[in-house]
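Visitor: I am new to this structure. Please take a close look at one part of it for me, and set that part in its surroundings.

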Amino acid sequence: MTILATIAWRSQRQHPWLAALAILGIALGVAVATAIALANAAARHAFAESITGIVGNASHQVVAGSAGVPEGAYAAIRAAALAHGGAAAPVVEAEVALIDRPGRTLRLFGIDPFAEAPFRASTSAVQRDRAFPLARLLTEPGAIVVSQPTAEALGLSDKIRIRHGTTIRELTLIATVPDDGNALNRSATIAVCDVSTAQEILGRLGVLDRIDLILPDGEALSAVTTALPSGAEIVPAARRGDSLRQLTEAFHTNLSALGLIALVVGMFLIANTASFAVVRRRELFSRLRAHGATPGQILALVLGEALVAGIFAAVLGVALGIALAHFLLRLVTRTIGDLYAVIGPATISIDRSIVLQGLALGILATLLAALWPALDAARSAPRLGLLRTVPERAWRRSLPWLALGGGGLLALCGAVLVGLPPTITWGFVGLGCGLIGAALLVPVLLLPVVSGLAWLAGILALGRHPLVTLASRAVGANLSRTGIAVAALSVACAAALGMTLMVGSFRLALDTWLATTLSADVYISAPRLVAARVGAQPLEPTLTARLLAVPGIAAVLPKRDAVVSVTFPDGTSDDVDMAAFEPLPDSRDAFVARPAFASPAAREAAWTAFTGGALFVTEPFATHRAVKAGDHLIVHTPTGDQRLTIAAVLVDYSSDQGAVYLHRERYRAWFSDDGITALALTAAPGVEVEDLCARLRLAAGDAPLSITSSRALKTASMTVFDRTFAITAVIRWLAAGVAVLGLIAALAAVQFERARTTARLRAAGVTPREVIALAVIECLFTGLAAGLLAIPIGVALAAGLTHVINRRSFGWSMELHTDPWQLVLTVALAAGAAIIAGLIPAWRASRRPLAEALHAD
Amino acid sequence: MNPADVKSALTFNRVSKSFAGRTILNAVDATVNPGEIVVLLGRSGSGKSTIVNLAAGMEQPDSGSVVLAGHPLAQVSERERTLLRRRSVGLVFQAFNLLPELTVFENVHLRHALDGRDGTKEVEAMLAEVGLAGRGGEHPDHLSGGEQQRVAVAAALVHQPALVLADEPTGALDQVTAGVIVDLLVRLTRGRGGALVFVTHNPEYVAIADRVWRLDDGQLSQERS
């Protein structure tokens, strides 16, 4: 071990708790980032496997929205594909709920076993295996096959009760196929059946959801295109997977960014610890310099320490991250399940690249954070080490540079947000610049804020107390020690405040929106598996008639949720969610446009256009599809393409994928579809809503309908919202935990170093209780300053998250609501954390034998 | 560098230095010859420590030049100044200037270690010379003030510097211990052919000097002892 390593090791050993806190802090930061990466990867993997298993080797697909492809067209399409060296296979599929396994689902996957071979290896295995009961699969009603792992995971028996929409059926598990490593078997919970079985169970007789195609060339594509029925189109198979993947990408990106906040706070913690370690050992470095150690050797010493700490922290962080990932994965998959799509069971696998990324992140973050303190140490003048005022003077000299750097980063934040393409990534880069820029300004603003607090204490007649005066001056005198700690605490508090305000604003906006839009009293639909409109099943007409015959209904608003194929102004096409409804005459106030209608006349004009066949689109739809009011969309319908105008963009928080609204009369005419997927009912005057719900449930009989009062629906919506943001709460508390650890380390270190001053004070007659009071007041000033400075940063961050990130990620716009209680809570939290952090060392200093303490001086 | 190889251990050519508008040194000319012992006298705040800092290359003059062991300090880089201080200068301070993180042996061995040289034998011999043989494994804070200063003397001389700068080395010691330290410092410096600048405000130490410098109002006056 070299002499410098010896010095580093022994000086760290003098304060092992300080080193341990720093290591723990950065480890927590790495843990959060790694856990999120692992959980995201696992969820993505499960999602991808679900898609891969379903899409298989198909190059193209014939689709026709919710209406489906007429089965009669299959023969001609297959013949065209085969004639050109291609292949075709029909698919009917849907997610069904397992009645005996609440909350679990199975994807019913209807195929033609004789056409499957070129497409999906696993499903075609049923044909290859001679012992396989193929005849039963083809002929027995409700016969299905699942993989061995799926059967075990779901605990499936021979008879399986499922629900699809309002239909309950019993399936027969005729065989299980062993796990052959195929994606279809490994992860997705898929039940394979004959296409006719699926049609019968799903109520899709005569219709195919899609026809998978393998088309070797453009000639084959042309040939198949000519065989297409009206309303159907050929799309590349990859598009479907891409669309599904894109659904959750913003969600994953947001989680990753939140994880990085914890790491940035951890970096501040390391910077603070390293900075303190330099300041504390200024005398040592000066002596080393006087003895002939070069600046490079001092730099190597400090960076070497950081490297060792970084390696420890990174290894510990990755280990903690793997443990934390299992917990986060449950939240991630639950949110994806709530909002986007049902995915198979996801498990954390230790991805080597993520582990290496976590290790590198921890080590590099530590080195980066320690670089400035290390350079500062290397600049130690050989003679000045004994003078305490010099580091403070040097620190104060650096304040203008900090102000310049902070201001520059804030300007860069503005430039990135305004000048660069409005992507989520650039949004986070901009906010990151803003957050770090604001953090650099914290030490600059600390002195004026503390002076203001001292002035306030003076106004409150406390300023004349010598302890208050001493404490307020101590904060300023120890700026080189406290500045970064306060910045770290401010950043963490600001991050927590920003996220809290954003979530609070979002919650308020959702609450207001629900109160506006849920204008009916009772809502009826088949229970959905996810929030997306995909797979919404029409109610049986007889059931609908039975429901509408219930006395006490004043008005009915029927709705049809469907998926339709649309061509956008840029020429691209995609399947989109559509809600077709017949609005009640007085329900137009429930539709809020963004930007708001300029006048009642404008609202009336938009409404008239909608009634006449124009579209409303939701905000997320407008954002993701880059369309606006006045644009035209081509909607592909079985009766031909319809070029429709967007009459208005509506505020809608029901899904981040967006949807188009169409008058149901038009939908019925163009799609020849009278189906109703949901009903909104208004109770007649004097009828209790709950009574009406009870009567409707009675009328529904065994049909598993969701019959909900608007109040219950609102509560359920808010529950899903809270569940969705549960993961952000976990992450922001982890980030706050990292900051509090850092603060404890920093303030405890400052108090520890002030032991000499404390001893002098005690020698002058200050009692142990007054020593503790002094530390508490000093920490209170520090904490209050950190909390107060966190408020503008947090509010700005909340504005960024609300108006930039939410908008870019999900397309939602909303007002920022600054809850004063949250601001007070932030200051109280910072002050409380600071006081707790300073108490232990102050107590120790007050208990230390005075003679020993003075001897140390 | 062997101390005998240089023409002068230290030369000040019209060196001036001010702090906060107050002139501490005003066009000072002075030379310390190899093997010579100079006692620098002056009141507190007269600029004695400034001369030490300038001589060790730890500060730069406002004007004039400092030549250390034949090297004009203004003409070499910061790194070269550091290496020159490491190899050609020994420092002894009132506050001992030992590193508490290191043992007695490691403190004395520090300059060799920084240079990547062994020097174990020299360190052990030096510890024996200052009366601390067998105590190399102890930490400085377990030693008395006199013992700590003996370690500092050993550390300042183990690498045979051309110039030893002792800034009030007896200021924190009682009279008897101070006498022991001064004797040690003079004996070991002379024994290794180095020069010694002994900074003090105590006129009694004039007795050890070949030459005496007096610093007053920024002016340096010299006299033979």
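Guide: What follows starts with one buried strand residue and then moves outward through both chains. Keep in mind that this is a predicted model.

Start with Ile524(A). Ile524(A) sits in strand β12 of chain A, which covers residues 522-525. Is Ile524(A) buried or exposed? A residue is buried if 20 or more other C-beta atoms lie within 10 Å of its own. Ile524(A) has 27 such neighbours, so Ile524(A) counts as buried.

Which residues does Ile524(A) touch, leaving aside its neighbours within four places in sequence? The list is Leu547(A), Ala678(A), Leu679(A), Leu696(A), Leu705(A), Ser706(A) and Ile707(A). Thr677(A) shows how the chain folds back in space. Ile524(A) and Thr677(A) are 153 residues apart in sequence. From C-alpha to C-alpha they are 8.5 Å apart in space.

Now widen the view to chain A. Chain A has 857 residues, and 51% of them are buried. It contains 28 helices and 20 strands. Consider its contacts between residues at least 6 apart in sequence. Of these, 86% join residues at least 24 apart.

Next, the helix pairs. Two packed helices are described by the angle between their axes and the distance between the axes. Take α3(A), residues 74-83, and α9(A), residues 218-226. Their axes come within 8 Å and cross at roughly 160°. Angles over 145 degrees count as roughly antiparallel. That is why α3(A) and α9(A) are described as roughly antiparallel to each other. Their crossing is right-handed. From α3(A), the residues in contact are Ile77(A), Ala80(A), Ala81(A) and Ala83(A). From α9(A), they are Ala220(A), Ala223(A) and Val224(A). The contact of α3(A) with α9(A) holds seven nonpolar residues, no polar ones and no charged ones.

A second pair in chain A is α15(A), residues 424-459, with α26(A), residues 768-810. Here, too, the axes come within 8 Å and cross at roughly 160°. α15(A) and α26(A) are therefore roughly antiparallel. The crossing of α15(A) and α26(A) is right-handed. Their contact has 21 nonpolar residues, four polar and one charged.

Look at a single helix as well. α19(A) runs over residues 600-611 and has twelve residues. How far does α19(A) reach from its first C-alpha to its last? The span is 16 Å, close to the 16 Å expected at 1.5 Å a residue. After α19(A) comes Gly613(A), with a positive phi near 115°.

Positive phi also turns up away from glycine. Most residues other than glycine have a negative phi. Ala626(A) has a positive phi, near 55°. Ala626(A) lies in the loop between α20 (619-625) and β16 (632-637) of chain A. With 10 C-beta neighbours inside 10 Å, Ala626(A) counts as exposed.

Chain B has a case of its own. Ala27(B) is not a glycine, yet its phi is positive, about 50°. Ala27(B) belongs to strand β2 of chain B, residues 22-32. Because 15 other C-beta atoms lie within 10 Å, Ala27(B) is partly exposed.

Stay with chain B. It has 225 residues, and 49% of them are buried. Its helices number six and its strands ten. For contacts with a separation of 6 or more, residues 24 or more positions apart account for 72%.

One helix pair in chain B is α3(B), residues 104-114, with α4(B), residues 120-129. They pack at an angle of about 120°, with axes 10 Å apart. α3(B) and α4(B) are therefore oblique to each other. Their crossing is right-handed. Phe105(B), Val108(B) and His109(B) come from α3(B). They meet Val123(B), Met126(B) and Leu127(B) from α4(B). Five residues of this contact are nonpolar, one is polar and none is charged.

Finally, where do the chains meet? In chain A, 17 residues are in contact with 19 residues of chain B. On the chain A side, α1 (3-13) and α11 (282-290) each supply at least two residues. The largest share, five residues, comes from α1(A). That side of chain A divides into eight nonpolar, six polar and three charged residues.

Note on methods:
Residues numbered from 1 in each chain as written. Chains lettered and ligands numbered in written order. Predicted model: local features only at pLDDT ≥ 70, side-chain atom pairs only at ≥ 80, totals over all residues. Contact = placed C-beta atoms within 7 Å. Helix = DSSP H or I, 4+ residues; strand = E, 2+ residues; numbered from the N terminus. Nonpolar A, V, L, I, M, F, W, Y, C, P; charged D, E, K, R; others polar. Axes fitted to C-alpha atoms, helices over the stretch in contact; angles between N-to-C directions. Parallel < 35°, antiparallel > 145°, perpendicular 65-115°, else oblique. Left-handed = near helix turned anticlockwise from the far one by under 90°. Buried ≥ 20, exposed ≤ 12 C-beta atoms within 10 Å, placed from the backbone. Expected span 1.5 Å × (residues − 1).
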